[in-house]
Amino acid sequence: MKLRIKGNSIRFRLTKTDVANLANTGKIEEHTKFVQATLTYTLASNNSIQQMTASFSENNVLVEVPERDVKAWPNNDIVGYEAFMPLPDGASLFILIEKDFACLDHTHEDQSDNYENPNKVC
């Protein structure tokens with residue numbers, strides 16, 4: 001699982017295994033260690049919500065996803081789910097979770113568990 005943050009947007013990219021584990025266990029988590037602390041980022045299913053939500057507490061970014069979306073995701077062609085979460089100051093946080101496609105250009109990153117890129121030329 002990869003995390004990308006820019007301004008008021010947060011984006012998670014998930015491999016095939018990530019999507020399957022999220023559907024089967026209801027939660028996936030990664031950790032990034034720093035000298036002072038460890039950043040944790042978590043995706044979790046929740047059967048009592050209708051739209052994704054995000055929170056940040058104790059160095060953990062938690063995004064909760066409606067359980068109905070999580071359970072169906074491994075077996076459908078939906079690339080991702082998105083939501084705009086209203087913030088108290090009138091702004092919003094854009095949340096996106098999406099399947100991670102293999103890059104079309106050369107990269108040193110292991111992409112063996114990524115989804116096949118639909119823009120691949122055969």
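# Reading two sheets and a helix

User: How many strands does the open sheet containing β3 have, and in what order do they stand?

Analyst: Strands of a sheet pair through backbone hydrogen bonds, either parallel or antiparallel. This sheet has 4 strands in the order β3-β4-β6-β5, and its pairing is mixed. Strands are DSSP runs of E with at least two residues; helices are runs of H or I with at least four, and both are numbered from the N terminus. Two strands pair if DSSP finds at least two bridges between them.

The model is predicted: local features need pLDDT of at least 70, side-chain atom pairs count only at pLDDT 80 or more, and totals for chains, interfaces and linings use all residues. Residues are numbered from 1 along each chain as its sequence is written, and side-chain values use heavy atoms, without hydrogens and water.

User: Which strands stand at the edges of that sheet?

Analyst: They are β3 (27-33) and β5 (53-57). Each has a single partner strand, so one side of each is left without a neighbour in the sheet. Neighbouring strands are turned by 15° against each other on average, direction ignored.

User: In which sense do β3 and β4 pair?

Analyst: The sense is antiparallel, over 7 bridges, and β4 spans residues 38-46. One bridge joins K33 to its partner T38 in β4.

User: What is the strand order in the open sheet that contains β1?

Analyst: The order is β1-β2-β8-β7: 4 strands, with mixed pairing. Here β1 (2-6) and β7 (80-86) stand at the edges, so each has one side without a neighbour in the sheet. The twist averages 15° from one strand to the next. Strands β1 and β2 (residues 9-14) pair in the antiparallel sense over 5 bridges. Within that pair, R4 stands opposite R11 of β2.

User: Which strands of this sheet does α1 touch?

Analyst: Helix α1 packs on the sheet and touches β2 and β8 (92-99). Its direction makes about 100° with that of β2. Such angles run from 0 to 180 degrees between N-to-C directions of axes, which are lines fitted to C-alpha atoms, for helices over the stretch in contact. Contact means heavy atoms within 4.5 Å. Helix α1 also lies across β3 and β4, at about 125° to β3.

User: Which residues of α1 are buried?

Analyst: An α-helix has 3.6 residues a turn, so residues three or four places apart point the same way. In α1, the buried residues are D18, V19, L22 and A23. They cover an arc of only 130° around the axis, which puts them on the same side of α1. That arc is taken from the directions from the helix axis to the C-beta atoms. On the other side, N24 and T25 are exposed. Buried means under 20% relative accessible area, exposed over 50%, and partly exposed in between (1.4 Å probe, protein chains only).

User: Where is T17, and what is its relative accessible area?

Analyst: T17 sits in α1 (residues 16-25). Its value is 38%, so T17 is partly exposed.

User: What do the buried residues of α1 pack against?

Analyst: They pack against β2, β3, β4, α2 (67-72) and β8.

User: Which residues touch the most other members of the largest nonpolar core?

Analyst: A nonpolar core is a set of buried Ala, Val, Leu, Ile, Met, Phe, Trp, Tyr and Cys residues joined through side-chain atoms within 4.5 Å. The largest one has 23 residues, and F12, L14, L43, M52, V63, I95 and I97 touch the most other members. Each of β2, α1, β4, β6 (60-66), β7 and β8 supplies at least two of its residues.
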